[in-house]
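A close look at a single part of the model follows, as one request and one answer.

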Amino acid sequence: MEVVVFGISLGHLTVLLLAALFVLGPERLPGAVQWLADAVRRVRDLASAAQRRLETELEPEFRELRKPLPDLRPLDPATTLRRFLDEVPPSSPPALVAASSPPAIDPDAT
């Protein structure tokens, strides 16, 4: 069974750590790891702050969007169509235009 962390297998992670050790050296590696951890923490904090701000600013709109969802949960087309047809008032048939005079003909158009 292969262990996967952040989409990277344990073997690949080991190779990356060894390469970092050779490139940075044992003196600079702890500082680089600390910098990377701080950067990840800052990005995570920014993302969670943005998510909280969006939730607080857009919550009324989301609440309005969620209202009709329970009506659509069954997803039965026949029931949904019947419900829609019950809500729409019947329209009157289109009025027929009385042909009291022949239509005007544009002599320039022919």
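Visitor: Please take me through the surroundings of E57. What is the relative accessible area of E57?

Guide: The relative accessible area of E57 is 46%, so E57 is partly exposed (buried is under 20%, exposed over 50%, partly exposed in between, with a 1.4 Å probe and protein chains only). The model is predicted: local features need pLDDT of at least 70 and side-chain atom pairs pLDDT 80 or more, while totals for chains, interfaces and linings use all residues. Numbering runs from 1 along each chain as its sequence is written, and side-chain values use heavy atoms, without hydrogens and water.

E57 belongs to helix α1, as does R53, four residues away, about one turn of the helix (helices are DSSP runs of H or I, at least four residues; strands are runs of E, at least two; both are numbered from the N terminus). The side chains of these two residues, E57 and R53, form a salt bridge at 2.9 Å, N to O (a Lys or Arg side-chain nitrogen within 4 Å of an Asp or Glu carboxyl oxygen). R53 has a relative accessible area of 55% and is therefore exposed.

Across the whole structure the search finds two salt bridges. One of them joins the side chains of R41 and D38, again N to O, at 2.7 Å. R41 and D38 are three residues apart in helix α1, which covers residues 10-66, so about one helical turn separates them. R41 is partly exposed because its relative accessible area is 43%. D38 also counts as partly exposed, at 24% relative accessibility.

A nonpolar patch on the surface consists of L54, L58, F62 and L65, whose accessible area together is about 360 Å² (patch residues have over 30% relative accessible area and no salt bridge; nonpolar side chains are joined within 5 Å, like charges within 9 Å). Its member L65 lies in helix α1 and counts as exposed, with 58% relative accessibility.

For contrast, consider a residue in a strand. S9 sits in strand β2, residues 8-9, and its relative accessibility of 9% means that S9 counts as buried. Leaving out residues up to four places away in sequence, S9 touches E2, V3 and V4 (heavy atoms within 4.5 Å). The side chain of S9 also makes a polar contact, at 2.7 Å, with the side chain of H12 (N or O atoms within 3.5 Å, one able to donate a hydrogen and the other to accept it; residues adjacent in sequence count only through side-chain atoms).

Technical notes
Accessible areas come from the Shrake-Rupley method with a 1.4 Å probe; for residues, only the protein chains shown count as cover.
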